[in-house]
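User: Got a minute to go through this one with me? I'd like to talk about a strand and then any enclosed space.

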Amino acid sequence: MSTPLVPPFSRNSSRLPATLAALIGKPVNDIDTPALVIDLDAMKRNIGRMSEFVKKHNVAWRPHAKLHKSSTLAKLQIKAGAVGVCVQKTSEAEVMMAGGVYNIYISNQVIAAHKLARVAALTQALTPHGGQLAIAVDSVEGIERLAGAMNHARGAAGVATIIDVFVELDVGQGRCGVLPGRAAVLLALEIRKHPALRFAGLQAYNGKAQHIRSAQGRQSAIALAAAAAQQTKQMIEAEGITVGLITGAGTGSFLHEAASGVYGELQTGSFLFMDADYAQNERDPAQPQFEHALFVKTQVISTHSTHAVCDAGHKSHAIDTGLPLVHAFDTESELTYDNGGDEHGILRPAAGSQRVPKLGSMLWLIPGHCDPTVNLHNIMIGVTGGLRSGTVQRIYRVDARGAMT
């Protein structure tokens, strides 16, 4: 039997350690546990289905890189037709740029002076590459701070750059954003006062709608969001300001944003991997069928008459939206995962079964929430040929792991 390989790995290292590189070409059984694994065949099909969808509906596609935190996967999606990426943090934007991604939208508020200085510097750094940075705002003060940072950077470098600015609307998320209507109009007017800022449109993302379980419920929520965004657009354009783009949508709702005729860009990201939480949504027949492509490989390290214990606890997968599912392979399909703490998972036979997996068995977990699960790992191991008997094809660095500022 070959020795399992997956040693410690630092995201700051420029090259893969030799022992990690040696894993490429090895069978999946050689992957040590716990490990984050991508089924590359399933991921490729997911990308293809999304690419076909956006072409059919004539909308742009800007997937969220906060999902995978990998500039390599971001470029893979751009090659498939994405216009660029969304990120939530300035540091994520910096990592994407360093990895060769040059069209970036920070779909979040940035207020701190030192972060805004980095935003301005990033705008200048993207220019030689023909790139563009965009950012969201939801306050006059936020606009003034952004303009001040851009002007300061111009004075220091002697280079005039422009950043695209989206006014964020609260269309149901109850988080950042101004209420649709007059408040948004006032922000668009404010942006126009600053030469270094270019009003690019509206951010209208309803995150809560992504996890409404019924297809009809999601459709109704997005209908309200689209109507609010459209009305706000009309009010802004009545002031003589063009609203170039309305951007938003997520994996749970993108079908409805695309069909609305209001949204010109979709920010879908989680479809790439699909987690256990999204699997609970009722699927609309008109929506592409996406497959689970991200898994935590784990091994049974202890067995008992009523349960088994595996080596993947919450240090290896996020549980904020629920516990992982055990991937349906034979006896594993009859197992449920219970919380065993930081380093352990408790595997119990599902109702009607008494079978407990054998000591040493290799199992595959579908994480409850992909994004924070990825952020727990330095690498993702890509395999082709399936999880049973596939082969490791490549190692992906989670190069924006811990990029939270």
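**Strand pairing and a cavity**

Analyst: Strand 5 (residues 132-137) and strand 6 run parallel, joined by 4 bridges. Strands here are DSSP E runs of at least two residues and helices H or I runs of at least four, numbered from the N terminus; two strands pair if DSSP finds at least two bridges between them. This is a predicted model, where local features need pLDDT of at least 70, side-chain atom pairs count only at pLDDT 80 or more, and totals for chains, interfaces and linings use all residues. Residues are numbered from 1 along each chain as its sequence is written, and side-chain values use heavy atoms, with hydrogens and water left out.

User: Which residue is the bridge partner of Ala 136 in strand 6?

Analyst: Phe 166.

User: And what joins strand 6 to strand 7?

Analyst: 6 bridges, and those two run parallel as well. Glu 168 sits opposite Gln 203 of strand 7.

User: Why is strand 6 largely enclosed?

Analyst: Because 6 of its 6 residues (163-168) are buried, meaning under 20% relative accessible area with a 1.4 Å probe, protein chains only. Ile 163, Val 165 and Val 167 point one way, while Asp 164, Phe 166 and Glu 168 point the other.

User: Switching topic: how is the lining of the largest cavity split between nonpolar, polar and charged?

Analyst: 7 nonpolar, 3 polar and 1 charged. Ala, Val, Leu, Ile, Met, Phe, Trp, Tyr, Cys and Pro count as nonpolar, Asp, Glu, Lys and Arg as charged, and the others, Gly among them, as polar.

User: Which strand gives the most to that lining?

Analyst: Strand 5, with 3 residues. A cavity is a set of points on a 1 Å grid over the protein atoms alone where a 1.4 Å probe fits but cannot get out, and lining residues have an atom within 4 Å of a point.

Conventions: Buried < 20%, exposed > 50% of the residue type's maximum accessible area, 1.4 Å probe, protein only.
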